[in-house]
Amino acid sequence: MPIRVLALCGFTQNSYIYSKQLGAVRKTCKDVEFVFLEPPIVVEKADLPWADNNLDQFGSNATTDEAAQTPETTPRAWWTTVNELKTYKKFDETVAYLHDYLSKNGPFDGIMGFSQGAGMAALLSALLEKPGLHPNFPSEPPLPKFKFAIFVGGFLPKAESHDFTPYFPLPASLPTLHVCGRNDTLITIERSQTLVDKCENSRVEIHEGGHYTPSKASWRHFFNAYINSFGPDGSYGDVPPVNSFGPSGANTPVNAKGGEATPRSSTPAS
């Protein structure tokens, strides 16, 4: 049985774009089934008046030009914001959508999210860990929890319209991997740290790039080793750091064992 990972794309991306961006990672993770869920909200021009039609800053090649949109180029989101990012619009509808999807298509071994998708992945992990947090995510019948969560370019969701305080911290029983770009100017390492600090079993790995999921050989083999460690008789996330994986995937000797269940950062690997 392959390990099933629910994959949540970033703001203004969609399941097609995210699937393409993880193409190299998916090819390396041969025993992993990535399930790319389409966000329920279509992003319109009015939702981002500052961005014109250029969504490159979000790692997206979608367009807000409705006349030019196809299913593959339609920008989507887990929520949109107004009032200087203080109000999360349609978040409650998204929670109901996710509960319905998990009820019909679960269980999943883990979850992986990018940017806004990482924030949503953290909230969804909390909803499974602490049933009853949201009226649109009923506690009965109970849904299986994730064994792990991977947050790439993630951040701690914060809004005046919703109180997320009860959602955190995520418990030590849930290993979380936080992947940050040293040169990410959209979601800085400092902003990602706000989510790291709210996870009791967190591990940090840093790459030298910007706002994207790293996919060079060492990263692909690291992701493969990390995800597969949650299979039968696995090490539950206790795998060496990124820079110990060579191009072939062979693990080279390192001085210290990676994957401790405490916040940590490896030597950067681009």
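Author: Two strands count as a pair if DSSP finds at least two bridges between them, and that rule is applied here to a predicted model. H178 in that model stands opposite V204 in β10.

Reader: What makes β9 and strand β10 a pair?

Author: Six bridges join β9 to strand β10 (residues 202–207), and the two strands run parallel. Since the rule asks for at least two bridges, the six found here satisfy it, and β9 and β10 are therefore called a pair.

Reader: How do you know that strand β8 pairs with β9 as well?

Author: Strand β8 (residues 148–152) is joined to β9 by four bridges, again in a parallel arrangement. Because at least two are required, four bridges are enough for the pairing to be assigned. In one of the bridges between these strands, A149 has T176 in β9 as its partner.

Reader: Why is H178 called buried?

Author: H178, which belongs to strand β9 (residues 176–181), has a relative accessibility of 2%. The cut-off for buried is under 20%, and H178 is therefore placed in that class. Leaving aside residues up to four places away in sequence, H178 touches F151, L195, V196, C199, S202, R203, V204 and E205.

Reader: What makes β9 as a strand mostly covered?

Author: Six of the six residues of β9 are buried. In a regular strand the side chains alternate between the two faces of the sheet. In β9, T176, H178 and C180 point one way while L177, V179 and G181 point the other way, and all of these are buried.

Reader: Why are C180 and C199 called buried, and how many disulfides are counted?

Author: C180 has a relative accessibility of 4% and C199 one of 5%; because both values are under 20%, each cysteine counts as buried. A disulfide is a covalent bond between the sulfur atoms of two cysteines. The test applied is that two cysteine sulfur atoms lie within 2.5 Å, and by this rule the count comes to zero disulfides.

Reader: Why is Y97 called partly exposed?

Author: Y97 sits in helix α3 (residues 91–105), and its relative accessible area is 27%. Buried would need a value under 20% and exposed a value over 50%, and because 27% lies in between, Y97 is called partly exposed. Not counting residues up to four places away in sequence, Y97 touches L37, E38, P40 and W78.

Reader: How do you know that Y97 touches W78, and what separates their C-alpha atoms?

Author: The C-alpha atoms of Y97 and W78 are separated by 10.0 Å, and the two residues are 19 apart along the chain. Contact, however, is judged on heavy atoms within 4.5 Å, and W78 is among the residues that Y97 touches by that rule.

Reader: What makes the lining of the second largest cavity free of charged residues?

Author: That cavity, which holds about 40 Å³ of space, is lined by F151, G154, F155, H178, V179, C180, S192, L195 and V196. The elements that give two or more residues to this lining are β9 and α5 (189–196). Only Asp, Glu, Lys and Arg count as charged, and because none of them is in the list, the lining divides into six nonpolar, three polar and no charged residues.

Reader: Why are G106–P107 and the phi of T12 singled out?

Author: Most residues other than glycine have a negative phi, and most peptide bonds are trans. The peptide bond from G106 to P107 is cis, with omega near 0 degrees, and P107 is found in the loop between α3 and β7 (110–114). T12 has a phi near 70 degrees, a positive value in a residue other than glycine, and T12 lies in the loop between β1 (3–8) and α1 (15–21).

Reader: Is T12 buried or exposed, and which class does S115 fall into?

Author: T12 has a relative accessible area of 0% and S115 one of 7%; because both values are under 20%, T12 and S115 are buried. S115, in the loop between β7 and α4 (116–129), also has a positive phi, near 55 degrees.

Technical notes: Residues are numbered from 1 along each chain as its sequence is written. This is a predicted model: local features need pLDDT of at least 70, side-chain atom pairs count only at pLDDT 80 or more; totals for chains, interfaces and linings use all residues. Side-chain values use heavy atoms; hydrogens and water are left out. Buried means under 20% relative accessible area, exposed over 50%, partly exposed in between (1.4 Å probe, protein chains only). On a 1 Å grid over the protein atoms alone, a cavity is a set of points where a 1.4 Å probe fits but cannot get out, and a pocket is an open set with protein on both sides within 12 Å along at least five of seven lines; lining residues have an atom within 4 Å of a point. Grid points are joined across faces, edges and corners, and a volume is the space filled by probe spheres set on the points.
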